[in-house]
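The following paragraphs lead through one protein chain, from its overall make-up to a pair of helices and two loop residues. Please keep the sequence and the structure in view while reading.

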Amino acid sequence: MKLQEALRKVIRQFGIGFLQDKRLMSFLSDYKAFDDYPAAADVIKAITTGKFVKELCRKATEEGDDEYLKFADSLKESLVNDSSFKKELADYAVDSVSFALGIFSSIPEPSDHGLQATRNSKAGGRGGAQGYPDSIWGYAPDGADVHRRFFRGKDLTSAFNDGTFSANVADGSFRDIFPGDYITKEVTVPGVSGTGNSVKFIIADLDTALDLSSLGVTAHHAVIVPETPVFQAYMNPTDTTKGGYAASYMQWTYMPAFAWGLAEAFGQQHLLSFTADGKLCFCRLMTLSMVFGKTLPSNGKSYSHYQGIDKSMGEEQLAAFILSPNLRGKNGSYYWLSDVSSSSCFADVGTYNNDVGAGESNATRPQSEVRPFALLA
């Protein structure tokens, strides 16, 4: 296999970050990527084990083609002038990486070893009909397990509206869907003032409920969470935790109202129901574990009494909160969780000492906000 093709295969299988993995050279050797040009192995090693690869990846994912190509050209010069590599081999190695990233649709090969260099009429062009950088994300293998490892941040509103999003969820490929991507919809919650505005729903994770048989979810889905709380409400009309979240006014009154708003925005057919606390739900407050995982952040307060009491959605942190912790909350924002933290208080998330952490609030606290999750198909 040619070097450029082997690099592309590695990226498609493991993601762009694998260019910085120590196992890369072994994989390329297994693919016989250096059989035609053995000396190219030294150049690739110099690129992928030094500072160069990190900057290549950053340029590829965060900046446009022009900036990437400027850096690639300077890298070639550095490999020749500072590391004394042959120009043909330096060009070939860097161009092979660019090919793997979708920048080039074909590249010339060195004339060393008597092999004639080949370049078709498309040489030097941009790869992929969608262009760069979206083409890089297209290299990710299909499936929730792979896609949930990456954070992107692309607007998928149009893809949802034209049916592409739902089709790629339904077949389990999650093609062009990653944590951090988002869909914007106007949501009105009946009986709740201040709603009816555009809400940015973040793709927080993929297929998490499929692993929990108790929920009764059998279809592929994306977990969506509003980027910020949608409205303010109390947990109960009186300060009581009797019956926990399952018996709360929030669960029995506000959540059905929010589910109605979601159905109007997304279409009822796109919302999956699930069973929690013996109740059929279309949306629910997040748990401590969904926001923080199994370990709560340390900011000078003791959280030993929480222990992730509500385990209805398991104890795994949502991928978007792992990959982008700032999404857990913002300064001045407090929102309810479904865990009961003590005999008289519910858990919430807020900002303490400039750190986002879990706290506790009386059930009637009116200023706590509501940020439910739902399963979108």
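A residue is called buried when its relative accessible area is under 20% and exposed when that value is over 50%, with partly exposed in between. The model discussed here is predicted.

By this cut-off, 55% of the 377 residues in the protein chain are buried. The chain holds 13 helices and eleven strands. Its accessible surface is about 16700 Å², and carbon and sulfur atoms contribute 48% of that area. Among contacts with a separation of 6 or more, 64% join residues that lie 24 or more positions apart.

Helix α4 shows how burial is distributed around a single element. Its buried residues are Phe-52, Val-53, Leu-56, Cys-57, Lys-59 and Ala-60. These residues lie on the same side of α4, because the arc they cover around the axis is only 165 degrees. An α-helix has 3.6 residues a turn, so residues three or four places apart point the same way. The face of α4 turned away from the buried side carries Lys-54 and Glu-62, both exposed.

What packs against this helix? Two packed helices are described by the angle between their axes and the distance between the axes. Helix α3, residues 40-49, packs with α4, residues 52-62, at an angle of about 70 degrees, and the axes are 4 Å apart. Since angles of 65 to 115 degrees count as roughly perpendicular, α3 is roughly perpendicular to α4. On the α3 side the contact is made by Ala-46, Ile-47 and Thr-48, and on the α4 side by Phe-52, Val-53 and Leu-56. Five of the contact residues are nonpolar, one is polar and none is charged. Phe-52, Val-53 and Leu-56 also appear among the buried residues of α4.

Two loop residues can be considered next. Gly-15 sits in the loop between α1 (3-14) and α2 (24-30). With a relative accessible area of 6%, Gly-15 counts as buried. Leaving aside residues up to four places away in sequence, Gly-15 touches Val-10 and Phe-150. The C-alpha atoms of Gly-15 and His-147 are 9.3 Å apart, with their positions 132 residues apart along the chain.

Pro-372 is found in the loop between β10 (369-370) and β11 (374-376). Its relative accessibility is 2%, so Pro-372 is buried. With residues up to four places away again left out, Pro-372 touches Ile-224, Val-225, Pro-226, Met-255, Phe-258, Cys-283, Arg-284 and Leu-285. The C-alpha atoms of Pro-372 and Leu-285 are separated by 4.4 Å, although the two residues are 87 residues apart along the chain.

Terms used: Residues numbered from 1 in each chain as written. Predicted model: local features only at pLDDT ≥ 70, side-chain atom pairs only at ≥ 80, totals over all residues. Heavy atoms only, no water. Axes fitted to C-alpha atoms, helices over the stretch in contact; angles between N-to-C directions. Parallel < 35°, antiparallel > 145°, perpendicular 65-115°, else oblique. Contact = heavy atoms within 4.5 Å. Nonpolar A, V, L, I, M, F, W, Y, C, P; charged D, E, K, R; others polar. Buried < 20%, exposed > 50% of the residue type's maximum accessible area, 1.4 Å probe, protein only. Areas by Shrake-Rupley, 256 points an atom, 1.4 Å probe, with all protein chains shown as cover. Arc of directions from axis to C-beta.
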